[in-house]
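Me: Got a model here that I'd like to talk through. Mind if I fire off some questions?

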Amino acid sequence: MSLVEVMTFEDAASISFVESVLRSESILFRVAGNDHSPGRRPSLLVAENDVEHTRDMLIEIGFEKRVYSKKRLGLQE
């Protein structure tokens, strides 16, 4: 399964909020880089087949400025 990076997070509160929304929609996701390293922001990775639905949801809930317009390869498992 491939995971695609769709956005970066600004803060921990936004991570919690997005995680709860994605769980309610049964979307497979992973937050990567959540180790609080200076200068490094955590990213949201979602299953490749959920990318469009996830982007639409993130825009709908107010994250339009954080969502990437193009696919960015995340992980391949």
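Reply: Sure, here are a few questions and answers on the core and two single residues. It's a predicted model, so to speak plainly: local features need pLDDT of at least 70, side-chain atom pairs count only at pLDDT 80 or more, and totals for chains, interfaces and linings use all residues. Residues are numbered from 1 along each chain as its sequence is written, and side-chain values use heavy atoms, with hydrogens and water left out.

Me: Which element gives the most residues to the largest nonpolar core?
Reply: That core (buried Ala, Val, Leu, Ile, Met, Phe, Trp, Tyr and Cys joined through side-chain atoms within 4.5 Å) has 18 residues, and Leu 44 and Leu 58 touch the most other members. At least two residues each come from strand 1, helix 1, strand 2, strand 3 and helix 2 (DSSP runs numbered from the N terminus: helices H or I, at least four residues; strands E, at least two). With four residues, the top contributor is helix 1.

Me: Is Thr 54 buried or exposed?
Reply: Thr 54 sits in helix 2. Beyond its neighbours within four places in sequence, it's in contact (heavy atoms within 4.5 Å) with Val 6, Leu 22, Ile 27, Leu 44 and Val 46. Buried means under 20% relative accessible area, exposed over 50%, partly exposed in between (1.4 Å probe, protein chains only). Thr 54 has 0% relative accessibility, so it counts as buried.

Me: What is phi of Ser 26 near?
Reply: Ser 26 is in the loop between helix 1 and strand 2, and it's exposed at 66% relative accessible area. Most residues other than glycine have a negative phi. Ser 26 has a positive one, near 55°.
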